[in-house]
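Thanks for coming. I will walk through one model this morning, starting with a single pair of residues and working outward. Please have a look at it before I go on.

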Amino acid sequence: MSSRFIPTEELDLFCRFCGKILPAKLDRSIAEKGKLVDISSTFEYYCTKCFKTICFSGEDLFHETEEEPPVSDDFRPYSPKNHYLIGEKLFHETFNESGVIVGKENSKPVKILVNFEHKGLKKLVMDL
Ligand SMILES: [Zn+2]
């Protein structure tokens, strides 16, 4: 019943150890190149600077089929009610700015860490 997908090889993620956004790479021991993996798995990305691992579940990284398909280079408007994924781009109307999701906090409510072009890193709630 579980969906399978090919995880992104490289992502710009917020490294809480380095305190900034750095390119992170998928841990090879978990997913081989181009290999389909279960969406419910946990994926380990390692920071290319400090080599510490940052974990995400497949649900954080992959669009479920019942949601609208990802449109590349399209900025979804931000709403706290929406569900967002790591690597996704959004547009914040109040900030009048677009940003890329670089991290996620599994708090309640769930917070996403968004890197805005001018405002920099901002935490926003989602799934409200
Ligand atoms: Zn780091």
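Which residue in β3 does Glu10 stand opposite? Glu10 stands opposite Lys25.

Before going further, two notes on the source. This is a predicted model, where local features need pLDDT of at least 70, side-chain atom pairs count only at pLDDT 80 or more, and totals for chains, interfaces and linings use all residues. Residues are numbered from 1 along each chain as its sequence is written.

Now the overall layout. The chain has one helix and 11 strands; helices (H or I, at least four residues) and strands (E, at least two) are DSSP runs, numbered from the N terminus. Read from the N terminus, the order of the elements is β-β-β-β-β-β-α-β-β-β-β-β.

Back to the strands we began with. β2 and β3 run antiparallel and are joined by six bridges; two strands count as paired if DSSP finds at least two bridges between them. The two make a hairpin with four residues between them, and Gly19 in the turn has a positive phi of about 75°.

β3 also pairs with β5, in the antiparallel sense, over three bridges. Here Ala24 stands opposite Cys47, and Leu26 stands opposite Tyr45.

β5 in turn is joined to β6 by five bridges, again running antiparallel. Phe43 stands opposite Phe56 in that pair. This hairpin has five residues between the strands, and Phe51 takes a positive phi near 65°.

Which side chains of β5 are buried? Phe43, Tyr45 and Cys47 are, and they point to one face, while Thr42, Glu44 and Tyr46 point to the other and are not buried. Buried means that 20 or more other C-beta atoms lie within 10 Å of the residue's own; 12 or fewer is exposed, in between is partly exposed, and C-beta atoms are placed from the backbone. Over the chain, 22% of the 128 residues count as buried.

Next, the other end of the chain. There is an open sheet of five strands, ordered β7-β8-β9-β10-β11, with mixed pairing. β7 (76-77) and β11 (120-125) are at its edges with a single partner strand each, so one side of each has no neighbour in the sheet. Inside that sheet, β9 and β10 pair in the antiparallel sense over six bridges, and Ile101 stands opposite Val114 in β10.

That brings me to the core. The largest nonpolar core has 23 residues, of which Leu13, Tyr45 and Ile101 touch the most other members. A nonpolar core here is a set of buried Ala, Val, Leu, Ile, Met, Phe, Trp, Tyr and Cys residues joined through C-beta atoms within 7 Å. The elements giving two or more residues to this core include β2 (10-15), β5 (42-47) and β9 (97-105). β2 gives the largest share, four residues.

Why does this core lie between domain 1 and domain 2? Both domain 1 (4-61) and domain 2 (76-125) give residues to the core, so it lies between them. The domain bounds come from an automatic or database domain assignment.

Last, Leu13. Leaving out residues up to four places away in sequence, Leu13 touches Ile21, Leu22, Ala24, Tyr45, Ile54, Val102 and Gly103. Contact means C-beta atoms, placed from the backbone, within 7 Å.

Technical notes:
Contact = placed C-beta atoms within 7 Å.
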